[in-house]
Amino acid sequence: VTNQWFLPAVRGDIPPGCAAHGFVCDGTRILVFGGMVEYGRYSNDLYELQASRWLWKKVKPQAPSTGSPPCPRLGHSFSLYGNKCYLFGGLANESEDSNNNVPRYLNDFYELELQHSSGVVGWSIPVTKGILPSPRESHTAIIYCRKDLGNPKMYIFGGMCGCRLNDLWELDIETMTWSRPETKGTVPLPRSLHTANVIGNKMYVFGGWVPQSAGGEISAHDGEWKCTGSFSYLNLDTTEWIGLISDCQEDKSNSLPGPRAGHCAVAVGTRLYIWSGRDGYRKAWNNQVCCKDLWYLDTEKPPAPSQVQLIRATTNSFQVKWDEVPTVEGYLLQLHADSPVPSVAGIPGTGVPETSVLSSQGGSSVHQSTQSLPSVPYPEMKVDHPSQTNNVIPNNNANWEPDTSRNTIHPQNVSEINVQVSLSSNSLKVEGKEKVAAPENKITQIMKNHADATGFKESNAPSLLPVCTSMKTRERQWYDVGIFKNNSAVVSQFYLLPEETLSISKKMENADVPDYRLLKKQDLFPGTVYRFRVAAINGCGVGPFSKVSEFKTCIPGFPGAPSTVKITKSVDCIHLSWEPPASPSGNILEYSAYLAIRSTQLQENPSQLVFMRIYSGLKTSCIVTAAQLSNAHIDYTSRPAIVFRISAKNERGYGPATQVRWLQ
């Protein structure tokens with residue numbers, strides 16, 4: 001992510017500039033309908049942009065079998081569900097003369113059927129039951145489908161019809177029935193030109209034009225209006241309104257998005273981005289201020305990342321990675337160690353789960369990892385999954401962050417970074433200065449930029465729990481490796497917690513735990529099994545930890561793992577090749593290659609792969625026959641893949657294996 005705007009070079013039937021149009025995104029194509037082309041002149045044209053090729057096309061849907069196609073309009077809603085777009089309402093000009101603008105508010109309802117990937121079929125006018133919502137423009141419409149019930153509903157909120165509205169309407173798309181659901185909580189003020197976005201089971205409503213009146217009854221014809229920065233959500237399962245930022249909330253520290261209307265908002269995962277808009281507070285058109293700021297709001301803690309995957313191991317370090325979690329600020333990596341394991345009969349112990357992308361050849365993506373491996377076939381070692389209590393706070397409120405042009409977290413030394421901890425479940429946050437401080441005296445590390453730049457107060461921050469997930473035994477203690485901005489790390493040390501913090505009661509508040517700068521570091525030992533887990537961090541805190549992975553550092557004197565594995569496919573076989581280990585520790589006597597195979601043992605315990613040796617010899621390549629491949633286990637832990645392992649042997653024995661996932 002570059003956090004930079006760019007202007008794509010588009011071609012084809014480029015539409016004219018227009019305002020208050022309908023806009024939906026369907027995969028890599030965008031559909032734009034209607035809008036104001038110039039004052040008093042509205043459009044009913046439909047354009048499609050293929051964003052993968054930046055190609056515009058004017059599309060001509062069939063007219064409905066009954067009735068006319070939609071008339072030119074602005075301020076309508078245009079919502080996508082499945083292969084259909086739903087058009088509701090808007091504002092038309094009754095006059096033929098664009099200079100003589102005679103407004104007509106609409107409440108007509110259309111369905112537009114799309115063709116797969118490109119093009120449209122045509123308009124239809126669905127027959128609906130119930131009372132149609134009153135005419136309006138500059139309202140919002142969202143579509144929500146409950147996971148357990150499965151019938152999609154469209155919700156229309158607010159808008160303008162000479163005065164602003166704050167009514168809520170529901171359309172059951174399966175039965176095409178309109179209704180007005182009863183709501184609980186405080187309904188947001190009447191508004192138009194606001195935004196509404198669904199994240200999870202909540203509809204988040206931000207900004208818009210609202211009545212100027214402060215308190216008391218609002219006259220329907222109150223001519224005084226202002227832009228607002230108020231923010232609420234509607235729980236779509238319980239139809240309860242919850243206010244998060246009120247209209248009168250003061251924001252002296254500029255840590256909240258300012259009042260605005262006509263902005264745009266988009267949900268990416270559980271993060272809401274808000275861009276631009278106008279602050280029309282001074283009412284006179286020539287005094288409107290155009291906002292040029294981009295903000296984001298994390299509404300939930302991030303999900304657990306994938307298991308930690310091993311790229312390579314040495315005697316005293318691991319290079320590890322994990323799958324990226326979208327829209328996060330960083331990752332907390334932790335480990336705990338078994339006591340050092342002596343070598344048995346020259347065989348390094350077994351390592352386990354799997355691993356990461358190093359290279360791709362011949363159109364096949366190759367995932368490669370280093371793992372210890374004795375003679376095969378053997379089942380993989382069981383991974384102990386300790387109970388995963390969440391070591392962070394409940395988050396009742398969401399946290400805003402403005403999205404600046406650069407990330408404010410910078411790696412220091414290797415790939416590890418220190419960041420300041422500041423956290424409040426009731427405060428909203430703003431990015432501050434470019435430098436990053438070390439964590440404050442809190443155990444759980446939360447990404448947060450400078451409080452002094454934001455006026456952010458920690459007085460109402462909830463207490464944080466210790467990072468260890470289980471206190472049953474000292475061996476079960478989890479230690480921080482650090483907080484990492486990217487989804488990879490070189491691990492050669494971890495931080496030791498001081499003795500007195502190991503038994504901190506979870507009820508203690510403001511536990512006095514030293515920051516990373518004051519903690520002792522422990523180097524990794526050779527021939528030792530380490531368990532790893534990782535959690536993602538965003539503005540709401542630290543999410544749940546991944547499943548546990550287990551890797552072993554190499555034992556001195558044994559050869560390293562083969563490197564640069566390449567897989568090329570021919571008609572009836574595949575060709576496997578590799579480079580000798582970077583550290584052979586003597587002469588390489590032979591290589592062995594193994595293939596993960598189907599077995600009854602694997603059915604009983606899917607996490608334990610069973611390997612069959614398919615090659616042994618001095619050459620750094622081998623042929624894998626179709627007959628051997630027909631036995632292969634297809635691993636579905638991420639994308640379907642066949643798993644190979646290759647290891648080298650010297651005078652002391654076999655070293656760790658490089659594991660490769662050959663994507664199918």
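Guide: Two residues are in contact when heavy atoms of theirs lie within 4.5 Å of each other, and this is the sense in which the word is used for the predicted model shown above.

Visitor: Which residues is valine 491 in contact with, leaving aside its neighbours within four places in sequence?

Guide: Under that 4.5 Å limit, the partners of valine 491 are Asn316, Ser317, Phe318, Val320, Leu333, Leu335, Val481, Leu524 and Phe532.

Visitor: What makes a group of residues a nonpolar core, and which members of the largest one touch the most other members?

Guide: A core requires buried residues of the nonpolar kinds, joined through side-chain atoms within 4.5 Å. The largest such set has 24 residues, and Phe318, Val320, Leu333, Val491 and Phe532 are those that touch the most other members. Two or more residues each come from E25, E26, strand E27 (330-337), strand E31 (479-484), E32 and strand E35 (529-538), with E35 giving the largest share, four residues. A second core, separate from this one, has 23 residues, including Ile567, Tyr591, Val610 and Ile646.

Visitor: Why are E25 and E32 called edge strands?

Guide: The sheet is open, with its three strands in the order E25-E26-E32 and antiparallel pairing; strand E25 (309-313) and strand E32 (488-491) each pair on one side only, and that is what places them at the edges. Between neighbouring strands of this sheet the average turn, direction ignored, is 20°.

Visitor: How do you know that E26 and E32 are paired?

Guide: Pairing asks for at least two bridges between the strands, and strand E26 (residues 318-321) is joined to E32 by four, the two running antiparallel. Within this pairing, valine 320 stands opposite alanine 489 of E32.

Visitor: What makes the pair of tyrosine 204 and phenylalanine 231 stacked?

Guide: A structure-wide search finds 23 aromatic pairs. In the pair of tyrosine 204 and phenylalanine 231 the ring centres are 5.7 Å apart and the planes 15° apart; the limits are 6.5 Å for the centres and under 30 degrees for stacking, so both conditions are met and the pair counts as stacked. Tyrosine 204 belongs to strand E15 (residues 202-206) and phenylalanine 231 to strand E18 (residues 231-235), so the pair ties together parts that are 27 residues apart in sequence. Tyrosine 204 and phenylalanine 231 are both buried.

Visitor: Why is the pair of tryptophan 578 and tyrosine 591 called edge-to-face?

Guide: The planes of tryptophan 578 and tyrosine 591 stand at 65°, with centres 5.8 Å apart, and an angle over 60 degrees is what the term requires. This pair links distant parts of the chain, since tryptophan 578 is in strand E39 (residues 573-579) and tyrosine 591 in strand E40 (residues 590-597), 13 residues apart. Both tryptophan 578 and tyrosine 591 are buried.

Visitor: How do you know that the charged end of arginine 164 sits over a ring?

Guide: The distance to the ring centre must be within 6 Å, and the charge must also lie within 35 degrees of the ring normal. The charged end of arginine 164 is 4.4 Å from the ring centre of tryptophan 225 and is classed as sitting over that ring; arginine 271 likewise lies over the face of tyrosine 296, at 3.7 Å from the ring centre.

Visitor: What makes strand E3 largely enclosed by the rest of the structure?

Guide: A residue is buried when its relative accessible area is under 20%; seven of the ten residues of strand E3 (residues 29-38) are buried, so the strand is largely enclosed. For the protein chain as a whole, with its 664 residues, 52% count as buried.

Visitor: What joins E3 to E2 and to E4?

Guide: E2 and E3 run antiparallel with five bridges between them, and aspartate 26 stands opposite arginine 29 in E3. The hairpin of E2 and E3 has two residues between the strands, and glycine 27 takes a positive phi near 65° there. Eight bridges join E3 to strand E4 (residues 41-50), again antiparallel, with serine 43 in E4 as the bridge partner of glycine 35. The hairpin of E3 and E4 also has two residues between its strands, and glycine 40 in the turn has a positive phi of about 80°.

Definitions and conventions
Residues numbered from 1 in each chain as written. Predicted model: local features only at pLDDT ≥ 70, side-chain atom pairs only at ≥ 80, totals over all residues. Heavy atoms only, no water. Axes fitted to C-alpha atoms, helices over the stretch in contact; angles between N-to-C directions. Phe/Tyr/Trp six-rings, centres within 6.5 Å; stacked < 30°, edge-to-face > 60°. Buried < 20%, exposed > 50% of the residue type's maximum accessible area, 1.4 Å probe, protein only.
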